[in-house]
Amino acid sequence: MRNLIYKTLNLISPVFNIVLKHRLRVLAYHDIVDPINFEKQIKWLKANYNLIDLPTLKEYLFQSKSLPAKSLLITFDDGDRSVFEHALPIFRKYQVPACLFVITDLIDSKKDFWWDTIKKNEAKSGLSNAEIMKIININKGSSNKDRLDFLKKYPVTQNHQLSTVEVKELILSGVYIGNHSHTHPMFDKLEKDELLEELQNVHSFFDMNRIGDYSVFAYPNGNFSEDTEKLLMENNIKIAFLFDHKINERTINPLRISRIAVDSDNSMSEFKSKVSGLHSTITKMKKG
Ligand SMILES: [Zn+2]
């Protein structure tokens, strides 16, 4: 049924593509769960869009250079190791640029993503996926201190994270490394000193390892607030990406760049409809 809806939507998406030709699209992936399907997506993107890199976007935002029509930037949040394992060979094969937002505290460690610690432990206790997601979402809405206290109740879980050597290999293949915080808290739930510490830690990590661009930031979980934005600005963040499932307006605020959420296992019809901007427009209409 869902596929049928997407297929119908795609019948009108060429019209949409012409209307929205000059609007920048930024895709936000996380991990690569289906490398074969991901390759199909990349092949289709390469044939239908102008895949730009982060420096090109910077020139557009800060040096008034124009962007090509149908510009699209591919981004990944969280620095999941599957990007190195499965996406990197595809980037190389098709000469595709991308931007990876990393969580610096996890690099070179066996630490887990905090939400995966909840998932793995609660799955063991037999909770359903929906129940587990509910717990994770409650924590995303808690104060940072309450979230950290809650996490203490779980035994530690592990994950094979990216190493700095692997990050450097990604950079050599055209992957731009951006700032996705030090520990992935919800930025709108942080006290000012907690927020400053997060930023400072990213800064030191990038400096020490000579990788990454501190000034290019993606809000963890997309949690934006105006107070947060002010602090980011005061602390030299120049570009910030949201997670709002929209394509960008013609005039772009560098600190509020919209992104469309996609997954490597999205069917081609679902993927095409998301990338066209049609999907987000329809969803917006439904929400009113
Ligand atoms: Zn994230």
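The chain splits into two domains, with domain 1 covering 2–111 + 161–287 and domain 2 covering 113–158; these bounds come from an automatic or database domain assignment. The model is a predicted one, in which local features need pLDDT of at least 70 and side-chain atom pairs count only at pLDDT 80 or more, while totals for chains, interfaces and linings use all residues. Residues are numbered from 1 along each chain as its sequence is written. The C-alpha centres of domain 1 and domain 2 sit 25 Å apart. Across the boundary, 9 residues of domain 1 are in contact with 7 residues of domain 2, contact being C-beta atoms, placed from the backbone, that lie within 7 Å.

Strand 3 (71–78) is a good place to pick up the sheet. Strands and helices here are DSSP runs numbered from the N terminus (E, at least two residues, for strands; H or I, at least four, for helices). Strand 3 is mostly covered, with 8 of its 8 residues buried. A residue counts as buried when 20 or more other C-beta atoms lie within 10 Å of its own, as exposed with 12 or fewer, and as partly exposed in between, with C-beta atoms placed from the backbone.

As for neighbours, strand 1 (residues 25–29) runs parallel to strand 3 over 5 bridges, and Ala28 has Thr75 of strand 3 as its bridge partner. Pairing means that DSSP finds at least two bridges between the strands. Strand 2 (residues 50–51) is also parallel to strand 3, joined by 2 bridges, with Asn50 partnered by Ser71. Strand 2, helix 3 (residues 54–62) and strand 3 form a right-handed β-α-β unit; right-handed says that, with the strands pointing away from the viewer, the path from the first strand over the helix to the second runs clockwise. Strand 3 pairs with strand 4 too, again in the parallel sense, over 4 bridges, and Phe76 faces Leu100 in strand 4. The chain gets from strand 3 to strand 4 through helix 4, in a right-handed β-α-β crossover.

Helix 4 (residues 81–94) has 14 residues, which should span 20 Å at 1.5 Å a residue, and its end C-alpha atoms are indeed 20 Å apart; the expected span is 1.5 Å times one less than the number of residues. There is nonetheless a kink of about 45 degrees at Ala87, shortly before the proline Pro89, the bend being the angle between axes fitted to the seven residues ending there and the seven starting there. Val83, Phe84, Ala87 and Leu88 are the buried residues of helix 4. An α-helix has 3.6 residues a turn, so residues three or four places apart point the same way. The cover over the buried residues of helix 4 includes helix 2 (35–48), strand 3, strand 4 and helix 8 (164–172). Right after helix 4 comes Gln95, with a positive phi near 55 degrees.

Further along, strand 5 (residues 175–179) is largely enclosed by the rest of the structure, because 5 of its 5 residues are buried. Strand 4 (residues 98–102) pairs with strand 5 in the parallel sense over 5 bridges, and Cys99 stands opposite Tyr176. Strand 5 and strand 6 (residues 213–218) also run parallel, joined by 2 bridges, with Asn179 partnered by Phe217. The route from strand 5 to strand 6 goes through helix 9 (residues 192–209), and this β-α-β crossover is right-handed.

Helix 9 is also home to Gln200, which is partly exposed because 13 other C-beta atoms lie within 10 Å.

Notes:
Contact = placed C-beta atoms within 7 Å.
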